[in-house]
Amino acid sequence: DQDLHSKFKLLEGKHALSGNAEVLATQAGCHYHLHDARRALVLAKQAWAIDPIVPTCTLVQVCALVELRLSNELFLLAHQLVDRDPNKAMAWFAVGCYYLLVRKYELAQQYFHKATTMDGALAAGWMGRGHAFAALDESDQAMAAYRTAMRLFPGSHLPFLCTGMEYLRTNNFQVSLHS
């Protein structure tokens, strides 16, 4: 964490990028992937305040709010996104995340479906769709969503992890060991 912080400070100082929304959003993403959702959320909010169009900061902000279980804040953010541009898949992804967080899985699935229909390359939307289907005990659909996320998230372990967890959830222990 300290090494990451010093590298970003060096980047900001050397190239006069202090306060740059893209740099803040990238920093937020790094912290999120290092399992520091609180710091990621702070940085994503800072990036959003500077430039709410930066897609990375929105995604990190939504995911951090889910991880931190801040449903009220996620509800407000999702409404802001939908009000700002209802034609953006990220807005509906945020709505789906809210419903997933408050355990209204059928609504979550509907909004994740809407998001992935609007943007079929939104890998996080496919992951959310898989989570909603798994929560509804619809294993085949969950696995299909996770497989789509695998194709869209090359190199990421998350879709594979979710696939393995789904195999475990359905008591398919042998297959889960190979996923």
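Helices (H or I, at least four residues) and strands (E, at least two) are DSSP runs, numbered from the N terminus. The exercises below concern a predicted model, in which local features need pLDDT of at least 70 and side-chain atom pairs count only at pLDDT 80 or more, while totals for chains, interfaces and linings use all residues. Residues are numbered from 1 along each chain as its sequence is written, and side-chain values use heavy atoms, with hydrogens and water left out.

**Exercise 1. Place Gly125 in the fold and describe its surroundings.**

Solution. Begin with the whole chain, whose secondary structure comes to 11 helices and zero strands. Within this arrangement, Gly125 belongs to helix 8, which covers residues 123-135. Next, take the accessibility, where buried means under 20% relative accessible area, exposed over 50%, and partly exposed in between (1.4 Å probe, protein chains only). Gly125 counts as buried because its relative accessible area is 0%. Then list the contacts, a contact being heavy atoms within 4.5 Å: leaving aside neighbours within four places in sequence, Gly125 touches Phe93, Phe112 and Thr116. Finally, the C-alpha atom of Gly125 is separated by 8.5 Å from that of Ala89, although the two residues are 36 apart along the chain.

**Exercise 2. Describe the nonpolar cores and the helices that supply the largest one.**

Solution. A nonpolar core is a set of buried Ala, Val, Leu, Ile, Met, Phe, Trp, Tyr and Cys residues joined through side-chain atoms within 4.5 Å. The largest one has 42 residues, and those with the most contacts inside it are Cys57, Val62, Leu74, Phe93 and Phe112. Two or more residues of this core come from each of helix 2 (21-33), helix 3 (37-50), helix 4 (55-67), helix 5 (71-84), helix 6 (89-101), helix 7 and helix 8 (123-135). Helix 6 provides the largest share, 12 residues. Apart from this core lies another, of nine residues, among them Trp126, Phe133, Tyr146 and Ala149. As a closer look at one member of the largest core, Leu74 is in contact with Val62, Leu65, Val66, Ala94, Cys97, Tyr98 and Leu101, once its neighbours within four places in sequence are left aside.

**Exercise 3. Determine whether Gln109 is buried or exposed, and name its contacts.**

Solution. Gln109 is found in helix 7, which spans residues 105-118. Its relative accessibility is 14%, and Gln109 therefore counts as buried. Beyond the neighbours within four places in sequence, Gln109 is in contact with Arg129, Ala132, Phe133 and Leu136.

**Exercise 4. Establish how many disulfides the structure holds, and examine Cys97.**

Solution. A disulfide is a covalent bond between the sulfur atoms of two cysteines, and the criterion applied here is a pair of cysteine sulfur atoms within 2.5 Å. By this criterion the structure holds zero disulfides. For Cys97, the nearest cysteine sulfur is that of Cys63, 5.7 Å away. Cys97 counts as buried because its relative accessibility is 7%, whereas Cys30, at 27%, counts as partly exposed.

**Exercise 5. Locate Leu158 and state its accessibility.**

Solution. Leu158 lies in helix 10, which runs over residues 158-169. With a relative accessibility of 31%, Leu158 counts as partly exposed. For the chain as a whole, 44% of the 179 residues count as buried.
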